[in-house]
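Here are a few friendly notes to read with the model open beside you. Please follow along in the viewer as you go.

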Amino acid sequence: GYVDADGLRWKFPGLMALQDGGHEARTHAVELPTPAAARRSSARLGELEAAARERMGRVIIGTASFHSGEVTSVPTGASAAGSRNAAQLVGSAIHRALESWDLAADVATELARQRQAVFHAIEKLVADSEREAALRRVDALLGRLESGRLLRRLRDAADRIVARELAIMLPTQDAGHGPLAGISGVIDLVLQDPESGELVVVDYKTDDVEEHDAMATRATLYEAQLSNYAHALQQALGLERTPRSELWFLWPDEVWPIP
């Protein structure tokens, strides 16, 4: 007859059975599981515990580029962790420059503006021991942009740009692995194909690669990332077909289509 403070009445079937059955119910022997059944239950409990531990180790939201590992050149003699961090900062700074690049401005004038902004970011964020090499890398990348065809390609496509630095979120594709809830990322560039009118996903890469085979190896690592971007765009816009994707390798000044 007890009702708790929240207005709930709790009933325990086991106690009710004892009350209804009298002495006979209270003295009824409990049937224990067999050793084989206990072993099966124990094994199953171990499986569930391992699955729970694996699930607890997964992130809720993962990044689209988690498995790609973009690599740029790093200062000689620096620690591996520090060098990789400096290389990533260089790549991020170049990405920001391309995101904010004034495509209608004079190339030399805009290059000078972006160089100043990127140098300021590197000087602020990169450790003293790695700053000189990082600045040389930035200067070399900007120089290749100035003389290469990718910047011209970007400027020529100015009136077909749909988005720059487009944030995306994609539901988890495999419920048993990877992030629990979804995948996030940022698409560097979305263009409209001048012939078909379909969208094209573009991702800039600052990897220190030159040869065809090296680019092919890197492109293989980036396929999953670009696939995530393209599928996110397709789902968000309700497109009939998945947009095609391209890697723009800035160092060798090459466009690499992703199948």
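1. Asp207 sits in the loop between E4 and helix H7 (212–237). Keep in mind that this is a predicted model. With a relative accessible area of 1%, Asp207 is buried, because buried means under 20%.

2. Have a look at the side chain of Asp207, which makes a polar contact with the side chain of Arg218 at 2.8 Å. The side chains of Asp207 and Tyr222 are also joined by a polar contact, of 2.6 Å.

3. Now for the nonpolar interior. The largest nonpolar core has 32 residues, and Leu98, Ile122, Tyr204, Trp248 and Leu250 are those with the most contacts inside it. At least two residues of this core come from each of helix H3 (80–100), H4, helix H5 (128–147), helix H6 (149–156), strand E3 (182–192) and strand E4 (199–205). H3 gives the largest share, 7 residues.

4. Leu250 is worth a click. Not counting residues up to four places away in sequence, Leu250 touches Ile94, Leu98, Leu141, Arg144, Leu145, Leu150, Tyr204, Lys205 and Thr206. There is also a second, separate core of 21 residues, and among its members are Ala64, Ala163, Ala219 and Leu247.

5. Last stop: Leu111, in helix H4 (residues 107–125). Leu111 counts as buried because its relative accessibility is 3%. If neighbours within four places in sequence are left aside, Leu111 is in contact with Trp101, Leu142 and Glu146. Leu145 lies 34 residues from Leu111 along the chain, and their C-alpha atoms are separated by 9.1 Å.

Conventions: Residues numbered from 1 in each chain as written. Predicted model: local features only at pLDDT ≥ 70, side-chain atom pairs only at ≥ 80, totals over all residues. Heavy atoms only, no water. Helix = DSSP H or I, 4+ residues; strand = E, 2+ residues; numbered from the N terminus. Buried < 20%, exposed > 50% of the residue type's maximum accessible area, 1.4 Å probe, protein only. Contact = heavy atoms within 4.5 Å. Core = buried A, V, L, I, M, F, W, Y, C linked by side-chain atoms within 4.5 Å. Polar contact = N/O pair within 3.5 Å; in protein donor to acceptor, adjacent residues only side chain to side chain.
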